[in-house]
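User: Hey, could you walk me through this fold in plain words?
Analyst: Sure, here it is.
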Amino acid sequence: VTVEQRLEKYTARQRRKIALAKTVYENVGFPSFADFLRMARDNHVQRLPVTHADIKNFIEVYDNHVAAVKGKTTRRTPSHVPSNALIPVPPEILEQHGDVTLCIDIFFVDGLAFLLTVSRDIKFFNIASLPRTTMKSVVLPLLEKIRNLYTFRGFNVTTIRADNQFEPLVQTYLTKGVHLHLCPPNGHVPEAERGIRTTKERSRSTEANLPFQRYPHTIKRYIVTSPAIGLNMIPNKDGVSAVLSSRTLITGIHTDYHRHCQVGVGTYCEFPTNKEPTNTMEERTVSGIALGPDNTELQPRFYFFSLQTGKRISRADFTPLPTTQHIIDQVHAWADAEAGDGEHPEVDPFHFEWAPNVPIFDDPPALAEPDEGANNDDDTGDSDNSSSSDDDDSSDDDDSNDSSGNSSDDASSDEVSEDDDPDSDLESEEEQTEEDDDNDADPDYDPETDDTEENRSDDDDSNTGENRSGEDIIVDTDLNGSPDINTIDNSDEYDPDDGYDPEVDETATVEEQGASVEE
């Protein structure tokens, strides 16, 4: 929420009074808000130019004064850490669903790579950012950490379903006793594909709620990975338990609002510098943008993008504030600095792609149009409608939460049985010419006796209702195909100036030792 958005509900006169109250607050020495209200209510300061109502409006718009937060913030005693009593997995769930199938896929957002994993039945989602898409040096270690989460809780990952870009890991997982099953070419795993589309929808909602137009890579990564928190928050309706959420089953802890949801990604906050106590006039806080919970710590902590250094910082104490235009300009400045001197869009598009220039559509692609030479008889058209209806049903199944439907890349044939058009005996000009040539070559051919209806072959009769175009109507997979591993751009090398440390951020979304992979 920005200051401008909060000011919209006030009249022009009230806005002037709010601005005046802010100036008066600064002139009287940044007192506490309670004392500032008493000044106006009890008339302790004569001829105060603002009223009690003006001061209340000022507090409602600004929450707190940034200068007061930077000057008054002090170090706080860390909260007590309770004993780490993990919630056990019910034995009946381990007995029935102990063997886990993991569905995985890689997708891109504006050139940034991400790995999504979801377990069948358990429905535990993990979304992690990747510095590169190198399989054995980057993707494999992250998959192993995710697999260790299931092992720690008594589950056994026996099967991994992925597309062809994961082929370099097939032999590696065979030695580990895990079957890595690959999809056909230009295919995707339905559960992973549905999860990526849900991630796209929720990321779009988060981005629409923020006042920024351009984002540094670190903030953009956390906008895309944040939906995993909500997906694992409550028991999935198609999951293995109606009581325990997927987060509780895999991590052993319940979702806690104070620890996981206290501040949303993109919120402007002031957090302590965490330096040793000094006797200087140095500001006690740093401005930053909230990224998400730091699940590697037992105490409730959150990650922030520092607007001072451009680095990711973890803090337990912070003060959320409404976003001002000055903060928006700082975020845009960091985004422009990462983009360099080249051309960059005024607004980040947030393009979700299977690979560069291979977009991920919100809905499966429509059926391809038949060629002009196809038979357009009414009965054939009815068959086309039936085929389209079948594909629509398949699409609906694919959009369901359990992703049990077929992938959008499945083909549907355009065929008409002989019962659909029994009276049709039309033939293309080319076929008729070929038949006449054959008849001329046959010396025993008699057109009066051999061309009667009784002497027509069964093959001729059965062919009267076929689609004579010779083409099958298929789903267009060119725009929704699987990226070939050789075409993936691995040029997104680590830049020490962009505030992203692959050795830290690559595993930051992994809650190790009983914590979840969620950002």
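Analyst: First, some vocabulary: angles under 35 degrees count as roughly parallel, over 145 as roughly antiparallel, 65 to 115 as roughly perpendicular and the rest as oblique. Axes are lines fitted to C-alpha atoms, for helices over the stretch in contact, with angles running from 0 to 180 degrees between N-to-C directions. Helices (H or I, at least four residues) and strands (E, at least two) are DSSP runs, numbered from the N terminus.

User: And what kind of model is this?
Analyst: This is a predicted model, where local features need pLDDT of at least 70 and side-chain atom pairs count only at pLDDT 80 or more, while totals for chains, interfaces and linings use all residues. Residues are numbered from 1 along each chain as its sequence is written, and side-chain values use heavy atoms, with hydrogens and water left out.

User: OK, how do H2 and H4 cross?
Analyst: The axes of H2 (residues 12–27) and H4 come within 8 Å and cross at roughly 85°, so H2 and H4 are roughly perpendicular to each other. On the H2 side, Gln14, Lys17, Ile18, Ala21, Lys22 and Tyr25 meet Asp54, Asn57, Phe58, Val61 and Tyr62 of H4; contact means heavy atoms within 4.5 Å.

User: What about H3 and H4?
Analyst: H3 (residues 33–41) and H4 (residues 52–62) pack at about 160°, axes 8 Å apart, and are therefore roughly antiparallel. Phe33, Phe36, Leu37, Ala40 and Arg41 of H3 make the contact with His52, Ile55, Lys56, Phe58 and Ile59 of H4.

User: Switching to the sheet, what's the strand order?
Analyst: The open sheet has five strands in the order E9-E8-E7-E6-E10, with antiparallel pairing; two strands pair if DSSP finds at least two bridges between them. E9 (312–315) and E10 (319–320) stand at the edges with a single partner strand each, so one side of each has no neighbour in the sheet.

User: How many bridges join E6 and E7?
Analyst: E6 (residues 268–272) and E7 (residues 285–293) pair over five bridges, and Pro272 stands opposite Thr285 in E7.

User: Which helices sit on that sheet?
Analyst: H10 (residues 217–225) lies across E7, E8 (302–306) and E9, running at about 30° to E7. H14 (residues 325–339) packs on the sheet too, touching E6, E7 and E8, and its direction makes about 70° with that of E7.

User: Pockets next: what lines the second largest one?
Analyst: The lining has 27 residues, with Arg75, Arg76, Pro272, Asn274 and Asp317 nearest the centre. The volume is about 680 Å³, meaning the space filled by probe spheres set on grid points, which are joined across faces, edges and corners. On a 1 Å grid over the protein atoms alone, a pocket is an open set with protein on both sides within 12 Å along at least five of seven lines, a cavity is a set of points where a 1.4 Å probe fits but cannot get out, and lining residues have an atom within 4 Å of a point.
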